[in-house]
Amino acid sequence: MEKGNEKVMSLVQLPQKAIKDVQFKLKELENGYKSWLAKQPLPVEAAIVTATTAINGAAIGAFLGVMTQDLTSSLPTPPPQSSLNPDAVAPFQQVQAVAGGPLVQARNFAVITGVNAGISCVMKRLRGKEDLQSSVVAAFGSGAAFSLVSGMGGANPAVNAFTSGLLFAIFQGCSFKIGEMWQSTQRPTADDVYYARTRGMLDKLGLQNYTKNFKRGLLTDSTLPLLTDSALRDVRIPPGPRLLILDHIQRSVNCP
């Protein structure tokens with residue numbers, strides 16, 4: 001019976017091992033590709049990054065265009081008499097540019113993602129880092145390129161390209177700052193190293209909400225063996241949690 005279970009387990013583990021091996025090989029290829037790309041001249045690297053990202057973007061855009069094709073069939077079309085009036089045609093062009101079929105969406109996504117990735121690549125190589133400035137410049141370039149290629153410019157393509165680029169840059173800048181703020185909340189602060197044992201104790205007791213009370217009173221890990229009811233009361237921890245904390249510390253001291 002045990003041998004049968006071992007065979008079943010080995011059969012179950014085989015696919016898992018094969019998947020891990022494939023993932024490892026793919027990771028090796030990815031790292032090798034990135035290493036090779038980083039050694040290329042800047043124009044070559046930028047061209048490759050732009051082309052590969054644009055292809056991926058085109059595939060995503062085409063897929064979304066297929067998914068929304070039923071909606072685009074109901075879009076309004078400009079009347080025949082408006083063909084000679086750019087101002088009359090412009091609103092219809094803008095709608096078609098944003099919500100066209102698979103080919104239109106493939107083009108839009110290819111331009112947006114490709115130009116953004118290309119500019120980001122150049123900025124990173126020149127400045128040696130990825131920051132808010134690089135992100136905003138790349139977004140502005142992709143927005144302007146999208147406006148020109150999609151035909152959203154109307155009678156003033158240059159002005160509309162600048163406006164679209166500015167909107168893309170503002171949105172990207174806000175997204176970048178929000179991402180930074182979120183990441184900062186996930187990273188431990190410098191003084192958290194002094195409260196590692198304290199956090200572990202409070203998490204174990206289900207009292208993690210009182211971590212800030214310990215920090216407020218500078219009750220670091222080194223003070224845990226010295227804690228008293230009075231000290232916990234001073235940092236405004238209620239009686240029930242105080243008893244649990246003191247009991248936990250007492251048990252820990254008595255454990256061999």
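This is a guided tour of a predicted model, stop by stop, with a selection to make at each one.

**Stop 1: the whole chain**

Start with the protein chain in cartoon view. The chain has 256 residues, and 27% of them are buried. You will find 11 helices and 0 strands, so the order of elements from the N terminus reads α-α-α-α-α-α-α-α-α-α-α. About 17,100 Å² of the protein chain is exposed, with carbon and sulfur atoms supplying 66% of that area. If you like contact maps, take the contacts between residues at least 6 apart in sequence: 57% of them join residues at least 24 apart.

**Stop 2: colour by confidence**

Now switch the colouring to pLDDT. The mean for the protein chain is 80, and 75% of the residues reach 70 or more. Which elements sit at the two ends of the scale for mean pLDDT? Select residues 86–98, which are helix 4, and you have the lowest mean, 53. Then select residues 229–234, helix 10, and you have the highest, 92.

**Stop 3: a salt bridge in helix 1**

Go to helix 1, residues 2–38, and show the side chains of E30 and K34. These two side chains meet in a salt bridge, with an N to O distance of 3.2 Å. Why does this pair fit along a helix? E30 and K34 are 4 residues apart in helix 1, which means that about one helical turn separates them. E30 is partly exposed, at 34% relative accessible area.

**Stop 4: a nonpolar patch on helix 2**

Select I60, F63, L64 and M67 and turn on the surface. Together they form a nonpolar surface patch with about 420 Å² of accessible area. F63 belongs to helix 2, residues 42–67. Is F63 buried or exposed? Its relative accessible area is 54%, and the cut-off for exposed is over 50%, so F63 counts as exposed.

**Stop 5: the largest nonpolar core**

Next, select M201, L202, L207, F214, L219, L224, L227, L232, V235, I237, I245 and I249 and show them as spheres. These 12 residues make up the largest nonpolar core. Helix 8 (196–205) and helix 11 (239–254) each supply at least two residues of this core. Another core, of 5 residues, lies apart from it; L37, A46, A117 and C121 are among its members.

Stay with the 12-residue core and centre on L224. Leaving aside neighbours within four places in sequence, L224 is in contact with R197, T198, M201, F214 and I249.

**Stop 6: H248 in helix 11**

Move to H248, which lies in helix 11. Which residues does H248 touch, not counting those up to four places away in sequence? They are M201, K204 and L205. H248 has 17% relative accessibility and the cut-off for buried is under 20%, so this histidine counts as buried.

**Stop 7: D229 and its two arginines**

Select D229, R233 and R242 as sticks. Side chains of opposite charge can pair when their charged atoms come close. Here D229 meets R233 in a salt bridge at 2.5 Å, N to O, and D229 also meets R242 in one at 2.9 Å, N to O. The R242 pair links helix 11, where R242 lies, with helix 10, where D229 lies, so it ties together parts that are 13 residues apart in sequence. R233 and D229, by contrast, both lie in helix 10, 4 residues apart, about one turn of the helix.

Compare how covered the partners are. R242 is buried, at 10% relative accessible area. D229 is partly exposed, at 26%, and R233 is partly exposed as well, at 43%. In all, the structure holds 6 salt bridges.

**Stop 8: two loop residues with positive phi**

Finish in the loops on either side of helix 10. L218 is in the loop between helix 9 (211–216) and helix 10, and its phi is near 55°, a positive value in a residue other than glycine. The relative accessible area of L218 is 62%, which makes it exposed. In the loop between helix 10 and helix 11, select R236. Phi of R236 is near 65°, again positive in a residue other than glycine. R236 is exposed too, with a relative accessible area of 72%.

Conventions. Residues are numbered from 1 along each chain as its sequence is written. Side-chain values use heavy atoms; hydrogens and water are left out. pLDDT is the predictor's confidence in each residue, from 0 to 100. Patches are made of residues with over 30% relative accessible area and no salt bridge: like charges are joined within 9 Å, nonpolar side chains (Val, Leu, Ile, Met, Phe, Trp, Tyr) within 5 Å. Accessible areas come from the Shrake-Rupley method with a 1.4 Å probe; for residues, only the protein chains shown count as cover. A salt bridge is a side-chain nitrogen of Lys or Arg within 4 Å of a carboxyl oxygen of Asp or Glu. Buried means under 20% relative accessible area, exposed over 50%, partly exposed in between (1.4 Å probe, protein chains only). A nonpolar core is a set of buried Ala, Val, Leu, Ile, Met, Phe, Trp, Tyr and Cys residues joined through side-chain atoms within 4.5 Å. Contact means heavy atoms within 4.5 Å.
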